[in-house]
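Work through the following exercises with the structure open beside the text. Each one gives a task and then a solution that proceeds step by step.

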Amino acid sequence: MEVLSGYLSYFVYGAPLLGLFAWAARRRRRLEHTSEVTYREAVEAGLTQPASLHPVIDTSKCIGCESCVHACPEFPAHQVLGILGNKAHLVSPTDCIGHGACKRVCPTGAISLVFGTAERGVDIPAVNPDFSTNVDGVFIAGELGGMGLIRNAIEQGRQAINTIAERVRKEGKKKNVPLDVLIVGAGPAGITATLGAMEKKLAHRTIEQHTFGGTPANFPRGKIVMTAPASLPLVGKFRFRETTKEKLVGFWERIRKDTGMVVHYGERLERITRTGSGLEVQTSAGTYQTRTVLLAIGRRGTPRRLDVPGEELPKVSYSLLDPADYRGQRVLVVGGGDSALEAAVSVAAEPDTKVYLSYRSAAFTRAKKKNREKVAELAGSGRLTLLMETQVRSIDSESVVLDTKAGRKRLKNDAVIVCAGGILPDGMLRDMGITVETKYGTS
Ligand SMILES: Cc1cc2nc3c(=O)[nH]c(=O)nc-3n(C[C@H](O)[C@H](O)[C@H](O)COP(=O)(O)OP(=O)(O)OC[C@H]3O[C@@H](n4cnc5c(N)ncnc54)[C@H](O)[C@@H]3O)c2cc1C
Ligand code: SF4
């Protein structure tokens, strides 16, 4: 009888426990497998260098508990961290945007957040606690200063404009210098600073090379945005914690309309020079005299141009906002990285589009395997035409001309999307005399 009840207890308590262990082991094997695949693809595509702030894992302290993997707000859309050989590993470095949630949850303190790696340094401008730089009158807020994330950009934009307003108040008005501040960039930092300038009644001008909303306006459609409440001048609380790209951009748009904020689009900062009475700012649209400049230009840089005749036509863009805009059109996508391949695939999914993908090399060596496979599949089924080893020579309203191995070729065309990477702002900052430090895996 006793033996029987022993067996019974085993089945009642032991079997579910064994089942639980088996389930956990299977789940862990699956995670290790996806981590391996993700890491291999990143290495194959040469995508091993994180753009900015990212985690470094001390494997002697890591106990492989997975907390960091699941805490990353990009997971599961992107597997930034994974488990390899029972330890946490940055398996998709270029997908890391520096949330820092991994460091906060690690129970053993195995994670530090750093800029750059031993192989590739990252340039970060030296910014003082009051957001000033070594160039008198030039201030920096937002991701350009090294600290990513929307909530940080908002907070820094607010604090930086307060510092500028205080300086202007102390100095009093200056003759021949019409602007108190020229704000460069209309991302979260620039928008907040502009609201602050309006609230403090500063004579200001905000310029933006591209569209309103900054980097978030270029997030993929439907992206879940993780952020935190912050305070906006003139508006009050920014309450979002988790939202979508569309809701966030809609929120910025409403603020712009309700407050009458003016942003000068399509205007790019080119140069800042110190003069006797202030700063002279050269942009793509003109020259301005200002007492201060707030650089809120982020770290994504200026899109690399093709430098061909016709590139200034409105049908040419440098990012894909909504694939549905291209329905029924003949579209040329230019580039060979992930963003070009992803753009070509999503436009090809729209009804009645004719999509061409032009790349100067013979193979897509700098794109992830899953993107290369999707492109090959669409090319195989005729939904997309690959134009390898070609270069755009000119663009006009109805066509594009390409150099191909078989000579010049003209294609009928309605839209061109150039995804040729970006020129980072570091060179421009150095030319302005701003001190820039190169970080090789340090905080
Ligand atoms: C794929 C991806 C996903 C992300 N997800 C999140 C998330 O979920 N949560 C989060 O908090 N953060 C996220 N981030 C980070 C966040 O987008 C940035 O940290 C934030 O936008 C920084 O704000 P900013 O105002 O400093 O710069 P940006 O938003 O980058 O804005 C800078 C603006 O300056 C303009 N500009 C640049 N150079 C010039 C020039 N020379 N002249 C004129 N204008 C110029 C640019 O066109 C741009 O509009 C993500 C980033 C990426 C790339
Ligand atoms: S949270 Fe810390 S201990 Fe756990 S896997 Fe990540 S790095 Fe290792």
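## Exercise 1: the surroundings of ligand 2

Task: find which residues surround ligand 2 and which of them are the closest.

Solution. In this predicted model, ligand 2 is surrounded by 14 residues, and the closest of these are Cys62, Cys65, Cys68, Ala88 and Cys106. The next step is to sort the shell by class, which gives 10 nonpolar residues, three polar residues and one charged residue.

## Exercise 2: the surroundings of ligand 1

Task: describe the shell around ligand 1 by its nearest residues, by its classes and by the elements that supply it.

Solution. Begin with the residues around ligand 1, which number 34, with Gly142, Gly185, Gly187, Gly214 and Gly298 coming nearest. Sorted by class, this shell holds 17 nonpolar, 12 polar and five charged residues. Finally, look at where the residues come from: at least two are supplied by each of α4 (150-171), α5 (188-199), β8 (204-208) and β9 (224-226).

## Exercise 3: a chain in domains

Task: give the overall make-up of the protein chain and its division into domains.

Solution. The protein chain has nine helices and 27 strands, and its C-alpha atoms fill a box of roughly 100 × 60 × 45 Å along the principal axes. Of its 443 residues, 36% count as buried. The division is into domain 1 (2-114), domain 2 (123-301 + 425-439) and domain 3 (316-422). Taken over C-alpha atoms, the centres of domain 2 and domain 3 are separated by 33 Å. Four residues from domain 2 and four residues from domain 3 make up the contact between them, and on the side of domain 2 there are no nonpolar, two polar and two charged residues.

## Exercise 4: is helix α7 enclosed or open?

Task: decide how far helix α7 (residues 338-348) is enclosed by the rest of the structure.

Solution. A residue counts as buried if 20 or more other C-beta atoms lie within 10 Å of its own. By this test 11 of the 11 residues of α7 are buried, so the helix is largely enclosed by the rest of the structure. Among them are Asp338, Glu342 and Val347. As for what covers these buried residues, the elements include β19 (330-334), β20 (354-359), α8 (369-380), β21 (384-388) and β25 (415-418).

## Exercise 5: an open sheet

Task: work out the strand order and the pairing in the sheet that contains β23.

Solution. The sheet is open and consists of three strands in the order β22-β23-β24, with antiparallel pairing. Its edge strands are β22 (391-395) and β24 (407-412), each of which pairs on one side only. On average, and with direction ignored, neighbouring strands of this sheet are turned by 30° against each other. Looking at one pair in detail, β22 is joined by four bridges to β23 (residues 399-404), and Gln391 stands opposite Asp403 in β23.

## Exercise 6: His70 and Phe75

Task: place His70 and Phe75 and state how exposed they are.

Solution. His70 lies in helix α2 (residues 67-71) and is partly exposed, because 14 other C-beta atoms lie within 10 Å. Phe75 belongs to the loop between α2 and β2 (81-84), and with 17 other C-beta atoms within 10 Å this residue is also partly exposed. Leaving aside residues up to four places away in sequence, Phe75 touches Val69, His70 and Val80.

How values were computed
Residues are numbered from 1 along each chain as its sequence is written. Chains are lettered from A and ligands numbered from 1 in the order in which they are written. This is a predicted model: local features need pLDDT of at least 70, side-chain atom pairs count only at pLDDT 80 or more; totals for chains, interfaces and linings use all residues. A residue is near a molecule or strand if its C-beta atom, placed from the backbone, lies within 6 Å of it. Ala, Val, Leu, Ile, Met, Phe, Trp, Tyr, Cys and Pro count as nonpolar, Asp, Glu, Lys and Arg as charged, and the others, Gly among them, as polar. Two strands pair if DSSP finds at least two bridges between them. Axes are lines fitted to C-alpha atoms, for helices over the stretch in contact, and angles run from 0 to 180 degrees between N-to-C directions. A residue is buried if 20 or more other C-beta atoms lie within 10 Å of its own, exposed if 12 or fewer, and partly exposed in between; C-beta atoms are placed from the backbone. Two residues are in contact if their C-beta atoms, placed from the backbone, lie within 7 Å. Domain bounds come from an automatic or database domain assignment.
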